[in-house]
Amino acid sequence: MKNYRYIVLVFILGILGSCQSFDIPPKNVLTDEDIYNEGGIKAYMVGLYGRLPMDDFNVSNDGDRGGYFQWNNIIWPMLSTGETVNRNNTGIYIPEKGYWSPGYQVIRQANVLIVNLPDYVGVLTGAEEWIAEARFIRAYVYFQLVKRYGGVPLIEEPQYLENGEESSLWIARSSHEASYDFILKDLDYAIENMAAKSETGRANKYVAAAFKSRVALYAGSIARYGTKFTHTVDGVMLCGIPSEKANGYFKQAWDAAKIVETGNYSLYKGNADLAENFAQIFEKADNSSESVFVRQYDYSNYRHSFDAVYSPPRMTSTYGDRYNVTLDWVELFDGLPLDETTGRLKTVDDENNYIVYNSPRELFDNAEPRLKGSILLPGHVYKGIELDIRRGIVKEEMDPSVKIKKMIVDDGQNTQSYNNVTELFKDGTIKETTQSVTTQTPYELSNGIKLNINGMDGPANGGTNNTVTGFHGRKWLDMSLTPSTTKLHESHQTWIDIRYAEVLLNRAEAALELAQNGEGNYNGANMQDDAATCVNAVRERAGADLLSSSAELSAAPGYERGTGKGSFVLAPTRGLQLIRVERYKELAFEHKLYWDLRRWFTFDQQIYNYRRRMLNPFLFAKGATINENGNPEGKYIYDARVCERANNNLTFATKYYYEKIPDGQLKTNPLLVQNNQY
């Protein structure tokens, strides 16, 4: 038997991409004899998996493919959420590329199987499971449509022109609720009828259950929090779900997550070093107990460019510099010196003088291991290069024991330049350069040691190209690639679409939503206690502080921005805020948080007049030395402030809670109704 890998095959893509418009069938492409045999059905299914709209390495609103399958992935959803920024894209991710027709093309191909395969039960081995798998794929695609647009046209069978009349293909939008119920029904069928195990990259009953936990959680959130943004036409609620339905969906999410618990998945714990352990979740995705559903890339057939685009410039042969993690996100982690009243990094003493650190590593020495596994830290070696992040240098005449007042107010809005307000910059006490990091004129000490003025890896200032936040991301990077082999279209590490940590957090959130809304006990379990158990499982693996008891997941109001640890992430209650912060830490850079903010309907509040913040390290020249890696060792101060380059003010427009149905579809199908604010 041939080994069919679940990767994109070009010839299948060509076949499936030949569909036109809404749901018009391809003609004279495949016959029943081609499809309904062991080899044919596998090849057909490979094509469907290859076209799943997965939020993976190739998501971008650049190009003309509805936001998917774009190699130049520098315009990502995480630009909008406070996770990252880069010098090329300092604005907000605008979801206006219109994923619609490609989705209905895949739905049609799935429908062909769903309708025809019952005739092959008893003839084609595994026909019943193929039907279930096709329904999983249909549900997967419909979810990508429904979470964008609200209610959509629901098509259960392949459409055909009747008497040449295009009107025979027109279908109105179903309600938002009916659309979710349709998806969940498909997933229930898949859970009931799929095998317990499958090839890597292919769905099984536990994949379907894990995905159901995501879908039902989304539906419950819309019912609970989306009441201000409903859109009803002729009695059909196209956007929004009645609030009384929320608990029912949260119960479905919890039940589905419990099913996954029986599927031999577990949090990855393959390395005693918890920071490296977290990084290995993604580096060893193909053989991890945590990977529930993945997309495999293959060097021979299907590659991506994540490493070339997202590595620090010194760690790639081209591109680089687009993975600039914000200080706002870093401040969510345990073990950092945070101001308890604001939740922000405290790098000054009570008199507002900078605290002096003894190395570029000391500030992060006690940080939560999960943070260390998620970002690249200064003074640590990656790909044979020691990361060197410095904003400038304090001249040798300035002794580190002399107090230095904070230079720029860190209020989340002040964008002033150091040169305009700081005497230490004006008189040259603190030096910087806008020269290229690789050709900068060094600063020479009295003992002859020469130090680069700015760090080789940023933060960037002026015309230099490097991190604009003081941080580089690590998650997903392939550290086995050398800088010279880190090239465009050369990466092939696996993307994890669903992992067990997300399932646990889905379950925790659903449980606490129930506990705080009249369902303290469900299915024999105390919901608040169960939520705490799930959160602590994720935290324990991450090396984070554990909840002392489930009472911490309280119904007290959540912190407002800048009033306590984790207050960057908004929530109606403190308990839900803790769970949402956990998602922010655990699932960052996985394209989950963008959709979380949309389903929580906090996007327009959290990202409102928002300016991303950065951390600027400054090295004292006095006493500095050069280590074996060519990097300076010495004393440091850190200045937290609004980004100097990516300092624009961001606000998420409420119209993007539901996206614009493409104009061409409104013309093709006059029964469609456009969403509000378009």
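## Salt bridges in a predicted model

Let's start at the N terminus: over residues 1-28 the pLDDT stays under 50, and the model has 68 contacts beyond four places in sequence for this stretch. This is a predicted model, so a word on confidence is useful before turning to side chains. The protein averages a pLDDT of 93, and 95% of the residues score at least 70. Among the elements of the protein, helix H1 (residues 10-16) has the lowest mean pLDDT, 36, while helix H15 (residues 500-515) has the highest, 99.

Now to the charged side chains. How many salt bridges does a search of the whole structure find? The search finds 49. Three of the pairs are set out here.

| Pair | N to O distance |
|---|---|
| Glu 177 and Lys 245 | 2.5 Å |
| Arg 583 and Asp 596 | 2.8 Å |
| Lys 258 and Glu 261 | 2.9 Å |

Take the pair in the top row, a salt bridge between the side chains of Glu 177 and Lys 245. Distant parts of the chain are linked here: Glu 177 belongs to helix H6 (residues 176-193), and Lys 245 lies in the loop between strand S3 (236-239) and helix H8 (246-261), 68 residues apart. Is Glu 177 buried or exposed? Glu 177 counts as buried because its relative accessibility is 19%, and the cut-off for buried is under 20%. Its partner Lys 245, at 32% relative accessibility, counts as partly exposed.

Arg 583 and Asp 596 also form a salt bridge. This pair, too, links distant parts of the chain, with Arg 583 in helix H17 (residues 574-586) and Asp 596 in helix H18 (residues 593-600), 13 residues apart. Both partners are buried: Arg 583 has a relative accessible area of 2%, and Asp 596 has one of 3%.

Within helix H8 there is the salt bridge of Lys 258 and Glu 261. Why are these two separated by about one helical turn? It is because they stand three residues apart in helix H8. Lys 258 counts as partly exposed at 28% relative accessibility, and Glu 261 likewise counts as partly exposed, at 35%.

Finally, some salt bridges share partners. In this way Glu 290, Glu 368, Arg 370, Lys 475, Arg 499, Arg 539, Arg 541, Glu 582, Lys 585, Glu 586 and Glu 590 are joined into one network. If you have the structure open, these residues are a good set to display together with the pairs in the table.

Terms used: Residues numbered from 1 in each chain as written. Predicted model: local features only at pLDDT ≥ 70, side-chain atom pairs only at ≥ 80, totals over all residues. Heavy atoms only, no water. Salt bridge = Lys/Arg side-chain N within 4 Å of Asp/Glu carboxyl O. Helix = DSSP H or I, 4+ residues; strand = E, 2+ residues; numbered from the N terminus. Buried < 20%, exposed > 50% of the residue type's maximum accessible area, 1.4 Å probe, protein only. pLDDT = per-residue confidence, 0-100. Contact = heavy atoms within 4.5 Å.
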